[in-house]
Amino acid sequence: MTSYVEIETEIHFEFDVKEILDAVMKQALLQEFCPYEAQVNLLVTDNEGIHELNKEYRQVDAPTDVLSFPMIPFEKEADFSIAEKEEADCFDPENGELLLGDIIISAQKVKEQALKYGHSEKREFAFLLAHSMLHLCGYDHMEEQQAKIMEQKQEQILTRLGITRED
């Protein structure tokens, strides 16, 4: 498992961003029975940076908390067999790891939402990572039933890591 972190903001957290990414990534991949070593890229930016990306890629002219860019064209959630069919595009030729995709998080939104929801910044950051990891595994929340499934899976990831709303 490999993760890469790039920070494009002066906003800092009291926790190790890469450590939380690695823990959430590992737990999400275990939970979703990913049979491969995998790779994820994380960019931590500010509201201005994520606003530009949201506008460019989703045509939404506003900042958001997290963006997910999956690399695998899932036909069914967490069905990693599609990666074998698309092998040339889904695996890093240097190390053979599954290229799951990119996550972009607004550090400002993490701080704002932690305050709004009354929990720690660490918990909010981990929640956004869990949410995004599920997107990278083929999940979506466009329909009510899908949203319920994602919410349940997000909570399972955080609970198993011991990252609660009280943190």
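These notebook entries record what I looked up in a predicted model.

**Entry 1. His131**

I began with His131, which I located in helix α6, residues 121-136. Is this residue buried or exposed? His131 counts as buried because its relative accessibility is 15%, and the cut-off for buried is under 20%.

I then looked up the polar contacts of its side chain. One joins the side chain of His131 to that of His135, at 3.1 Å. Another, of 2.5 Å, runs between the side chains of His131 and Gln154. Leaving out residues up to four places away in sequence, I listed Val66, His141, Met150 and Gln154 as the residues that His131 touches. Gln154 thus appears both in this list and as a polar partner of His131.

**Entry 2. The largest pocket**

I turned next to the pockets. The largest pocket holds about 360 Å³ of space. I noted 18 lining residues, of which Arg58, Ser68, His135, Asp140 and His141 are the closest to the centre. Two of these names were already in my first entry: His135 as a polar partner of His131, and His141 as a residue that His131 touches.

Which elements give two or more residues to the lining of the largest pocket? I found α2 (47-58), β3 (66-70) and α6. The largest share, five residues, comes from β3. Sorted by class, the lining has nine nonpolar, six polar and three charged residues.

**Entry 3. The second largest pocket**

For the second largest pocket I recorded about 180 Å³ of space. Its lining consists of Asp65, Val66, Gln113, Tyr117, His119, Arg123, Glu124, Phe127, Leu128, His131 and Arg165. I note that His131 is in this lining, together with Val66, a residue that His131 touches.

The elements giving two or more residues here are α5 (107-117) and α6. Helix α6 supplies the largest share, with five residues. By class, I counted four nonpolar, three polar and four charged residues in the lining.

**Entry 4. The nonpolar cores**

I then examined the buried nonpolar residues. In soluble globular proteins, nonpolar side chains tend to be buried together. In this model, the largest nonpolar core has 44 residues. Within it, Leu98, Leu100, Phe125 and Met133 have the most contacts. The elements that give two or more residues to this core are α1 (17-31), β2 (38-45), α3 (81-85), β4 (98-106), α5, α6 and α7 (144-161). Which element gives the most to this core? It is α6, with eight residues. Helix α6 therefore gives the most to this core, and it also gives the largest share of the lining of the second largest pocket.

I followed Met133 further. Not counting residues up to four places away in sequence, Met133 touches Val24, Met25, Ala28, Leu29, Val40, Leu100 and Ile103. I also found a second, separate core of five residues, among them Leu43, Ile50, Leu53 and Ile104.

**Entry 5. Positive phi values**

Finally, I looked up backbone angles. Phe33 is not a glycine, yet its phi is positive, at about 55 degrees. I placed Phe33 in the loop between α1 and β2. Phe33 is exposed because its relative accessible area is 70%, and exposed requires over 50%.

Ala78 likewise has a positive phi, near 55 degrees, in a residue other than glycine. I found Ala78 in the loop between β3 and α3. Its relative accessible area is 18%, so I entered Ala78 as buried.

Terms used: Residues are numbered from 1 along each chain as its sequence is written. This is a predicted model: local features need pLDDT of at least 70, side-chain atom pairs count only at pLDDT 80 or more; totals for chains, interfaces and linings use all residues. Side-chain values use heavy atoms; hydrogens and water are left out. Helices (H or I, at least four residues) and strands (E, at least two) are DSSP runs, numbered from the N terminus. Buried means under 20% relative accessible area, exposed over 50%, partly exposed in between (1.4 Å probe, protein chains only). A polar contact is a pair of N or O atoms within 3.5 Å; within protein, one must be able to donate a hydrogen and the other to accept it, and residues adjacent in sequence count only if both atoms are side-chain atoms. Contact means heavy atoms within 4.5 Å. On a 1 Å grid over the protein atoms alone, a cavity is a set of points where a 1.4 Å probe fits but cannot get out, and a pocket is an open set with protein on both sides within 12 Å along at least five of seven lines; lining residues have an atom within 4 Å of a point. Grid points are joined across faces, edges and corners, and a volume is the space filled by probe spheres set on the points. Ala, Val, Leu, Ile, Met, Phe, Trp, Tyr, Cys and Pro count as nonpolar, Asp, Glu, Lys and Arg as charged, and the others, Gly among them, as polar. A nonpolar core is a set of buried Ala, Val, Leu, Ile, Met, Phe, Trp, Tyr and Cys residues joined through side-chain atoms within 4.5 Å.
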